[in-house]
There are 2 protein chains.
Amino acid sequence: MNDLLNFLRIPSISALPEHAADVRRAAEFVRDWLDRAGLHGARLIEGEGNPLVFATWTGAPGKPTLLLYGHYDVQPPDPLDEWISPPFEPAIRNGNIYARGAADDKGQVFILMEAVARMLRENGKLPVNVKFLIEGEEESGGEHIEKYVASKPSELASDAAIICDTAMFAPDLPTITTGLRGIVYGEIHVQGARTDLHSGDYGGAAPNAVEAAAQIIAALKDRDGHIRIPGLYERVRKPGESEISAWKSLPFNAEEFREKEVGSIALAGEPEISLFERMWARPTFEVHGIRGGFVGEGSKTVIPARAVAKISLRLVPDQQPEEVIRSLEAALAKAVPPGITASFKLLSSAAPCMVDPGNVFVRKAADAMKKIFRHETVYVRCGGSIPIVGLFQQALGIPSVMMGFGLPDDNIHAPNEKFSIANYSRGIDAVVEYFSSL
Amino acid sequence: MNDLLNFLRIPSISALPEHAADVRRAAEFVRDWLDRAGLHGARLIEGEGNPLVFATWTGAPGKPTLLLYGHYDVQPPDPLDEWISPPFEPAIRNGNIYARGAADDKGQVFILMEAVARMLRENGKLPVNVKFLIEGEEESGGEHIEKYVASKPSELASDAAIICDTAMFAPDLPTITTGLRGIVYGEIHVQGARTDLHSGDYGGAAPNAVEAAAQIIAALKDRDGHIRIPGLYERVRKPGESEISAWKSLPFNAEEFREKEVGSIALAGEPEISLFERMWARPTFEVHGIRGGFVGEGSKTVIPARAVAKISLRLVPDQQPEEVIRSLEAALAKAVPPGITASFKLLSSAAPCMVDPGNVFVRKAADAMKKIFRHETVYVRCGGSIPIVGLFQQALGIPSVMMGFGLPDDNIHAPNEKFSIANYSRGIDAVVEYFSSL
């Protein structure tokens, strides 16, 4: 575990340019570590952005080849003053490692690294072939890995991808994630008058861009959480009965969830749809931020000429980004109030994806996790998006096994991120068990 | 005019604390100037905020007493790089003085000062009694003058207030402003979840504060400009037929106004109400600014927990701020979507006011202006708010004569503020003519 602690000491924050050297240092750390562990050809794959780390062991002819994915970059640590111990000085408390990246994803990618290293150390060989592909732009939206994978390099040829970057549904409950939402992320730009105008002189004559943005948002999603984009729900695949009934048996208390996790006076979203289905199998429309006009201290009576709203739609099978973008743009055009022009600027998109729980790589992962955790593995979906999973499917034609060992309260992307040492250890055991079973 | 240029060289920006010494210097400049001009008891009235300048001449027993109001503070000059000549180095171009404060209000208050000084110089006396009351917080929302006037000091006793701080409707068109809108200004605070949440994990469950703010704004005002606050329009007094027909005869081209002044693809506001009525005699609801969530570069997928919108309602006779605030709060409570709490925080308010154009002080001002400008004086209303006018009415029981000599394109509150030298000169003549006629 000392090596993991050293890995965590590198502030490899990909979103902050001033940490570029640290990001590279983390890539080199992983490369050198895999080299010392006995992997072959450990190297950095350079490109636009941060390097990928690549290393293989292919000495098991006739056995499956697994693409082991993870990322060595981390989120920014702010707000710094809310950390109990400094984010890049790992501290052990209550059976957890506290550090930025402990769960997302350094601790989890180290499970894969350590499992492979242990088998090589103990047996001199692996029961399967592996190809490590560890990226450094997962937290900053860089596209190096996407471009690389999309180019379908023969060296990535494999039978399945293994990803440790998700969480368990609850402590001691081994969990495999079988579905991810896709995403369309962009900005709605709204323009009214040429410049900000005085509301005394022009109030009642000049269009107000912030009000127009509000009108547009309210037109695209109603107060009960229904997205009012014609056609949007047409391709939404209803989850199967077995999936829904599996969700119903998950240990979950909606009232506790509302109070402890969300902290609002009530939950939101389509009232006629159950909560897990809303979070995992329904599209969303969310406004992530809005700016426009005067927001300083005190009173200024401008009619704002411009407003920008950052928005996203999360997509579920079988929605496709291109079609959703067209529908959004059509609905936006209809929602624009008089005197206003508005446009949508796409920033990124990713297709939703599903992994068949009947797939042999998924089944054997579930069996291995059950054996180590001594509890039946549960299948959940994730409301978030991991674009690389869709790309592995599309470009390489392989399924992704998302076996995560994080916990819901690991504070990823927040102060006091942590990772359970017991889960770290059981994670390694589970991966060893899994690979040996293939 | 040299004295005015020196006055304009003082950067008396009341909104910027670093200019506090300049603000005081401007007050002292006015006090000393009035003293040298022959006014009596010129002094600074100190209080919380910037000093008032007070000076009198009361040597005309049996004649009316006029309270001469203006302000010596100015708006901040930014954006500085858009000024053709520096804002505090007055420059003469094309018959105009270019400087911050040229029209608002140093040039206009100097019309009153210079007119009085000229009469004292030429005749050794004035045809009326005058009391100068010049403030230094008009551009920063300070309340010193309001508190002072509300205390009804006997030294302010007078028959009418004269204010040169408005504009002419068009060049060469002498104009008196007979109505001002009131205002209720405040913030709508919206809260959803306890903190920002990840839209992947919580999208479909957590309420979104920015969307709620949009829902609320859209509920309070529809896309055609109708304010949806029950009861709001009940006390709106319809302008009289003579007033409306006078407005119709004003030289005005709505299409030119849209293109040159507003610059939007269409004008906004209640389509069934005429433009001047919308701008001068109808209440407004405007959102001046909004903030919430992530508005930086790139993509961040938070569900914002909080949002704040700065809003105002402009009020017209006979609306009263207290009643409007109650109606707004009731409508806000109804507009709040599920899972959200919202509240209104009042920042300031002022009642609307009307001046009877039949009042003798208004009529004689109109006659004097007509004589000097050789054109019938027009009566307009102003969509903005000058809170002191309502207070002069309420606390001192006197009407305000708003005879302004600015022009619509004087760029007040903007770069390259200017004031016509011809209007400065005609303004002095008009005030001399006016006072002599009383």
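Which residue is the bridge partner of B:Arg43 in strand 2 of chain B? The answer is B:Phe54, and the first view starts from this pair. The model shown in every view is predicted.

**View 1. Strand 1 and strand 2 of chain B form a hairpin.** Strand 1 of chain B covers residues 40–45 and runs antiparallel to strand 2 of chain B, to which 4 bridges join it. Between the two strands lie 6 residues. One residue of the turn, B:Gly49, has a positive phi of about 105 degrees. The pair B:Arg43 and B:Phe54 belongs to this hairpin, with B:Phe54 on the side of strand 2 of chain B.

**View 2. Strand 2 of chain B is mostly covered.** This strand spans residues 52–57, and 6 of its 6 residues are buried. On one side the buried residues are B:Leu52, B:Phe54 and B:Thr56. On the other side they are B:Val53, B:Ala55 and B:Trp57, so that both faces of the strand are covered. Strand 2 of chain B is also joined by 5 bridges to strand 6 of chain B (residues 129–135), and these two strands run antiparallel. Within strand 6 of chain B, B:Ile134 is the bridge partner of B:Val53.

**View 3. An open sheet of 3 strands in chain B has the order 4-5-18.** The pairing in this sheet is antiparallel. Strand 4 (91–93) and strand 18 (418–420) of chain B each have a single partner strand, so each stands at an edge with one side left without a neighbour in the sheet. From one strand to the next, the twist averages 25 degrees. Strand 5 of chain B, residues 96–98, pairs with strand 18 of chain B over 3 bridges in the antiparallel sense. Here B:Ile97 is opposite B:Phe419 of strand 18 of chain B. Helix 13 of chain B (residues 421–437) packs on the sheet and touches strand 5 and strand 18 of chain B. The direction of helix 13 makes about 55 degrees with that of strand 18 of chain B.

**View 4. Chain A and chain B meet through 71 residues of chain A and 71 residues of chain B.** Several elements of chain A each supply at least two residues of the side that touches chain B, among them helix 5 (199–202), helix 9 (275–280), strand 13 (306–315) and strand 14 (341–350). Strand 11 of chain A gives the most, with 9 residues. By class, this side of chain A has 29 nonpolar, 28 polar and 14 charged residues. Strand 11 of chain A is joined by 5 bridges to strand 11 of chain B (residues 284–293), and the two run antiparallel. A:Arg291 has B:Arg291 as its bridge partner.

**View 5. Helix 6 of chain A and helix 6 of chain B cross at roughly 105 degrees.** Their axes come within 8 Å. The two helices are therefore roughly perpendicular to each other. A:Glu211, A:Ala214, A:Gln215, A:Ile217 and A:Ala218 meet B:Glu211, B:Ala214, B:Gln215, B:Ile217 and B:Ala218. The residues of this contact divide into 6 nonpolar, 2 polar and 2 charged.

**View 6. A turn of 180 degrees and a shift of 0.1 Å along the axis lay chain A on chain B with an RMSD of 0.2 Å.** The two copies are thus related as by a two-fold rotation axis. The C-alpha of chain A nearest the axis is that of A:Ala214, 2.0 Å from it. The same surface serves both copies, since 100% of the contact residues of chain A recur in chain B.

Conventions
Residues numbered from 1 in each chain as written. Chains lettered and ligands numbered in written order. Predicted model: local features only at pLDDT ≥ 70, side-chain atom pairs only at ≥ 80, totals over all residues. Pairing = 2+ DSSP bridges. Axes fitted to C-alpha atoms, helices over the stretch in contact; angles between N-to-C directions. Contact = placed C-beta atoms within 7 Å. Buried ≥ 20, exposed ≤ 12 C-beta atoms within 10 Å, placed from the backbone. Nonpolar A, V, L, I, M, F, W, Y, C, P; charged D, E, K, R; others polar. Parallel < 35°, antiparallel > 145°, perpendicular 65-115°, else oblique. Least-squares fit on C-alpha atoms with pLDDT ≥ 70 in both.
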